[in-house]
Amino acid sequence: MAKKGKKYLEAAKLVDNTKAYPVTEAIELAKQTNYAKFDATLEVAFRLGVDPKKADQQIRGAVVLPNGTGKTQRVLVFAKGEKVKEAEAAGADYVGDAEYINKIQQGWFDFDVIVATPDMMGEVGKLGRTLGPKGLMPNPKTGTVTFDVTRAINEIKAGKVEYRVDKAGNIHVPIGKSSFENEKLVENFQTVFETMLKVKPAAAKGTYMKNVTVTSTMGPGVKVDPSTVNAK
């Protein structure tokens, strides 16, 4: 295991690893133990009782955080015809087709999210090996393959984040910056928590939410007591 630094160890002393904290307290503690000199991202990690190897227990989607992420996402839209004008009007940072496919093939990645109209996916699919490993491939499940490009762009700019279960049954989702007010972080957390409950696979057996943790970019994890979350 990698050796932990002095600042991390000092921060970790503030966290009781044997305790699951109320959500408001956990978020406050995650902010307190953030020793980074930059405005760190806070994220929530879920360890779920699912078997991602089974198709009916794979979890993937997107959720719009009510208070945003604290980061302005750069959106690239693959479209043609009238959809180009629509995407530009909606605030897309880059809009086009073949020219941007060529740029990406040459190593250009000056964007955060890709939206593509369905009629462009035949061409965009050629970038699968390049975009897939980076998690940038547009997908209907996350709302990034759509003819409603205005809605897609607006949601991404407003704070839409994607989530996907990994091989170990974990999901990591950013909930904002350490500079956010606690109430905003709690609200974002609750929105993500509620989403995780809604997407529980019918085939999942036993305990679904095995562990919920919040952490800053470089700080220690703080366990959250799920019973303290006001999920709707």
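## Close-up views of a predicted model

**Figure 1. Valine 84 sits in helix α3, which covers residues 82–90.** This legend, like the others here, describes a predicted model. Setting aside the neighbours within four places in sequence, valine 84 is in contact with Ala79 and Val95. You can also look from valine 84 across to alanine 152: the two are 68 residues apart in sequence, and their C-alpha atoms are 14 Å apart in space.

**Figure 2. Aspartate 112 and lysine 71 form a salt bridge.** Between the closest N and O atoms of this pair, the distance is 3.4 Å. Aspartate 112 belongs to the loop between α4 (98–105) and β5 (113–116), while lysine 71 belongs to the loop between β2 (60–64) and β3 (75–78), so the salt bridge ties together parts that are 41 residues apart in sequence. Are the two partners buried or exposed? Aspartate 112 has a relative accessible area of 17% and is buried, whereas lysine 71 has 46% and is partly exposed. The cut-off for buried is under 20% relative accessible area, with partly exposed lying between that and 50%.

**Figure 3. Arginine 74 meets aspartate 112 in a salt bridge too.** Here the N to O distance is 3.1 Å. This pair also links distant parts of the chain: arginine 74 is in the loop between β2 and β3, aspartate 112 is in the loop between α4 and β5, and 38 residues separate them. With a relative accessible area of 30%, arginine 74 is partly exposed. Which residues make up the network of salt bridges around here? Lys71, Arg74, Asp110 and Asp112 are linked in it. As a reminder, side chains of opposite charge can pair when their charged atoms come close.

**Figure 4. Lysine 160 and glutamate 155 are joined by a salt bridge between their side chains.** The distance from N to O is 3.3 Å. Lysine 160 counts as buried, at 12% relative accessibility. Its partner, glutamate 155, is partly exposed, with a relative accessible area of 22%. How many salt bridges does a search of the whole structure find? The search finds nine.

**Figure 5. Proline 22 lies in the loop between α1 (6–12) and α2 (23–32).** The relative accessible area of proline 22 is 30%, and this residue is partly exposed. For a sense of distance, find glycine 70 as well: proline 22 and glycine 70 are 48 residues apart in sequence, with 24 Å between their C-alpha atoms.

**Figure 6. Stepping back, the chain has eight helices and nine strands.** Its radius of gyration is 19 Å, close to the 17 Å that the globule rule gives for 232 residues, so the chain is as compact as a globular protein of that length. Taken along the principal axes, the C-alpha atoms fill a box of roughly 55 × 45 × 35 Å. Of the 232 residues, 45% count as buried. Among contacts with a separation of 6 or more, 73% come from residues 24 or more positions apart. The chain exposes about 12,300 Å², and carbon and sulfur atoms supply 49% of that area. As for charge, there are 35 positive and 27 negative side chains, and the centres of these two sets lie 7 Å apart.

How values were computed
Residues numbered from 1 in each chain as written. Predicted model: local features only at pLDDT ≥ 70, side-chain atom pairs only at ≥ 80, totals over all residues. Heavy atoms only, no water. Salt bridge = Lys/Arg side-chain N within 4 Å of Asp/Glu carboxyl O. Helix = DSSP H or I, 4+ residues; strand = E, 2+ residues; numbered from the N terminus. Buried < 20%, exposed > 50% of the residue type's maximum accessible area, 1.4 Å probe, protein only. Rg over C-alpha atoms; globule rule 2.2 N^0.38 Å. Contact = heavy atoms within 4.5 Å. Areas by Shrake-Rupley, 256 points an atom, 1.4 Å probe, with all protein chains shown as cover. Lys, Arg positive; Asp, Glu negative; His and termini not counted. Charge placed at Lys NZ, Arg CZ, Asp CG, Glu CD.
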